[in-house]
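Hi there,

Here is the structure I promised to pass on to you. Have a look at it first, and then read on for what turned up.

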Amino acid sequence: MKTITSLFSEERNQLQTDIDNTTNIEETVKLVQNRLDNLERIYIEKLNLAQVRLASFFLDTLRQSIATLAAANYSQIAPIEQKQFTNLGTKFFSSRLILKLLKGLIYIGILGSLFSLTKTTPGAWMAILLTSLLLGVEVVLQLELNNQQNSISSELLELPKPMLRVDSKVFLDHLGDALNTIDLAVARVEEGNKHEGDLAIEELPELLNFLQRLMGASKLDKPQMAHELAKLLPQILMSQGINAQIYRPNDPHSDRGYFDFEPSIDPDTKDHVTLTPALLKGDRLIRRGRVIEPAYSSSRE
């Protein structure tokens, strides 16, 4: 019988690829839960009823735990950043405006002084020309700087949208550990069932007490006492979770597969006679029963 861990290992690479190709957490959760459903259908085919119940319980819990991933989300931080950049931009613009005014006044003062010197010093025109060129160069540089700053501000305001993703390797490692825990729990249930079947008779005090009293009735040659003791057998078996089933041909709940049948040597026999009842523990057959049936019963035909 394959463990659910080995079944998961066979599909892990494909599952990891599928998770990496998903675009959001919701798709990842749905994908993993569908894979768990497929694994469960294959896994429980070879388990007994107790193991199926235990495995289904653990897998349901695991699916619910995985579903909590869908609650993860990211916070929008762009409005806060934009507000901060706007405040900084406003303060910076005010400082630059004051600086430009001061520089403008300085240039006007220099040019005024140079124009006043043209009457007495003809070479002052060269100073005026150079100052004008310097002013023009600064204006061009200032325009270029403004363009660059506007471009940088736009890039800062356009923050990339965060994307929430699942690390497929780490996630599948933890998922594999959880499935291995399920395998261990199911294996312990199977070992427990085997241990119950291997119990020595001295570990069953109710059965020992019954046999002791039955032997006493036999030694005393009291068949009526032995008959009364035999009526206690169903109660003793039920204390161990075992039910005795008598074969009833017309009862849909009486499974013919639990019994071995022998034809009656009496051709006039019309009834089924249960020599030994079938013993069941839950839905599991422990001992097959034995039935004598009519020689020409319709069931055999």
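A good place to start is Asp260, which sits opposite Arg290 of strand E6. Please keep in mind that this is a predicted model.

Asp260 and Arg290 belong to an open sheet of 3 strands, ordered E2-E6-E3, in which the pairing is mixed. Strands E2 (259–263) and E3 (273–276) are at the edges with a single partner strand each, so one side of each has no neighbour in the sheet. From one strand to the next, the twist averages 30°. E2 and E6 (residues 289–293) run parallel and are joined by 5 bridges.

Salt bridges show up around these strands too. Asp260 meets Arg288 through their side chains, at 3.0 Å from N to O. Because Asp260 is in strand E2 and Arg288 is in the loop between strand E5 (284–287) and E6, this pair ties together parts 28 residues apart in sequence. Asp260 counts as partly exposed at 40% relative accessibility, and Arg288 does as well at 42%. Glu262 and Arg290 form another salt bridge, at 2.7 Å from N to O. That pair links strand E2 with strand E6, again 28 residues apart. Glu262 is partly exposed at 30% relative accessibility, and so is Arg290, with a relative accessible area of 36%.

The structure holds 11 salt bridges. One of them joins the side chains of Asp18 and Arg35, at 2.7 Å from N to O. Asp18 is in helix H1 and Arg35 in helix H2, so the pair ties together parts 17 residues apart in sequence. Both Asp18 and Arg35 are buried. There is also a salt-bridge network that links Asp37, Glu40, Asp60 and Arg63.

Next, the nonpolar cores. The largest has 24 residues, and those touching the most other members are Leu36, Tyr43, Ile66, Leu175 and Leu179. Helices H1 (4–21), H2 (25–43), H3 (49–67) and H6 (168–197) each supply at least two of its residues, and H2 gives the largest share, 7 residues. Leaving aside residues up to four places away in sequence, Leu175 touches Phe8, Val32, Leu36, Leu62 and Ile66. A second, separate core of 6 residues includes Tyr247, Phe259, Ala278 and Leu280.

Last comes helix H7 (residues 205–219). At 1.5 Å a residue, its 15 residues should span 21 Å, and the end C-alpha atoms are indeed 21 Å apart. Leu207 is found in H7 and counts as partly exposed at 28% relative accessibility.

Enjoy exploring!

Best wishes

Note on methods. Residues numbered from 1 in each chain as written. Predicted model: local features only at pLDDT ≥ 70, side-chain atom pairs only at ≥ 80, totals over all residues. Heavy atoms only, no water. Helix = DSSP H or I, 4+ residues; strand = E, 2+ residues; numbered from the N terminus. Expected span 1.5 Å × (residues − 1). Pairing = 2+ DSSP bridges. Axes fitted to C-alpha atoms, helices over the stretch in contact; angles between N-to-C directions. Core = buried A, V, L, I, M, F, W, Y, C linked by side-chain atoms within 4.5 Å. Buried < 20%, exposed > 50% of the residue type's maximum accessible area, 1.4 Å probe, protein only. Contact = heavy atoms within 4.5 Å. Salt bridge = Lys/Arg side-chain N within 4 Å of Asp/Glu carboxyl O.
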